[in-house]
Amino acid sequence: MTTPVASNGLRQDLHLIADLIEPHTRVLDVGCADGALLAYLARTKHVDARGIELSQEGVHDCVSQGLAVVQGDGDTDLAIYPDGSFDYVILSQTIQAMRQPRLVLENMLRIGRFGIVSFTNYAHWRARWHLLRRGRMPMARCLPEPWYRTANIHPCTLEDFEHLCTELGLRIEQRSCLGGDGAPSRLASTRWLDNLLSEQALFVLSRPERPDAGRTRTAAGTTPVPRPPEHVAPAHTPAPDGA
């Protein structure tokens, strides 16, 4: 399946992430691949764009575009960044490949004001039907690889992710249910159906604010931290297990 792209040349899901980023902010993209999202954000929103990428090929692609990207492992290298280093930390279609997804989320929300996470939802009805009918591990339309070739070692569902956020004490600011093409899903419109009908999900996360955490330090002084735009569907309370 060829993933559709938006008019700006980005994949549809990356286009949605780009819409969440305020101009002139500090952004870290973990697992930034060829740097398409970072390059777009640097060009159109003038952000301080930085990235971590595991593959040498991806780092080369990014550096050739003039991007500040280092070769590293998100499982371990996020620990070296100081608290509050970024306004946004992005983890797009990467959390399933992390060895320690819980620790990665904790570090994301330690070093970033907001965490933006997208992933494939393995509770989608096609995945359930494939497993029930064939008794074999399903392949998602957005990640059409067999189990022995995929980098995913921790596949999860929308409900799994929300429960993990609850365990970590993270606030789900906004959530968007996506189809296989990365565009918002018109079918997953209620909390009882989203885990069944969403092929992908996109979350904006934060930590509950301390009384003195409403402003963040910059070299020029203190500036308000921007909030994500309101067009993404509001977060819901996790539904009971099994749906």
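Which residues of α1 are buried? In this predicted model, the buried set in α1 comprises D13, L14, L16, I17, A18 and L20. As for what sits on the other side of that packing, these buried residues go up against α2, β4, β5 (112-120), β6 (171-178) and β7 (200-206). As a general point, an α-helix has 3.6 residues a turn, so residues three or four places apart point the same way.

One of the strands in that list can be picked up at S92, which belongs to β4 (residues 86-92). S92 is buried, because its relative accessible area is 10% and the cut-off for buried is under 20%. Setting aside neighbours within four places in sequence, S92 touches R11, D13, L14, I17, V30 and S118. D13, L14 and I17 are among the buried residues of α1, so the helix turns up again here from the strand's side. With S118 there is something extra: the two side chains make a polar contact at 3.3 Å.

Next, the backbone. Most residues other than glycine have a negative phi, but two loop residues go the other way. H24 has a phi near 60° and sits in the loop that links α1 (12-20) to β1 (26-30). A33 has a phi near 55°, and its place is the loop between β1 and α2 (36-44). How exposed are they? H24 is exposed, at a relative accessible area of 63%, whereas A33 is partly exposed, at 38%.

Elsewhere, two helices cross. The axes of α5 (residues 101-111) and α7 (residues 158-168) come within 11 Å, with a crossing angle of roughly 60°. That angle makes α5 oblique to α7, and the crossing is right-handed. On the α5 side, the contact is made by R102, L105 and E106; α7 brings F161, L164, E167 and L168 to it.

Finally, how far does the predictor trust all this? The protein averages a pLDDT of 79, and 65% of the residues score at least 70. Confidence is highest in β1, at a mean of 98, and lowest in strand β9 (residues 221-224), at 38. Over residues 213-234 the pLDDT is below 50, yet this stretch still has 44 contacts in the model beyond near neighbours in sequence.

Terms used. Residues are numbered from 1 along each chain as its sequence is written. This is a predicted model: local features need pLDDT of at least 70, side-chain atom pairs count only at pLDDT 80 or more; totals for chains, interfaces and linings use all residues. Side-chain values use heavy atoms; hydrogens and water are left out. Helices (H or I, at least four residues) and strands (E, at least two) are DSSP runs, numbered from the N terminus. Buried means under 20% relative accessible area, exposed over 50%, partly exposed in between (1.4 Å probe, protein chains only). A polar contact is a pair of N or O atoms within 3.5 Å; within protein, one must be able to donate a hydrogen and the other to accept it, and residues adjacent in sequence count only if both atoms are side-chain atoms. Contact means heavy atoms within 4.5 Å. pLDDT is the predictor's confidence in each residue, from 0 to 100. Axes are lines fitted to C-alpha atoms, for helices over the stretch in contact, and angles run from 0 to 180 degrees between N-to-C directions. Angles under 35 degrees count as roughly parallel, over 145 as roughly antiparallel, 65 to 115 as roughly perpendicular and the rest as oblique. A crossing is left-handed if the near helix is turned anticlockwise from the far one by less than a right angle, and right-handed if clockwise.
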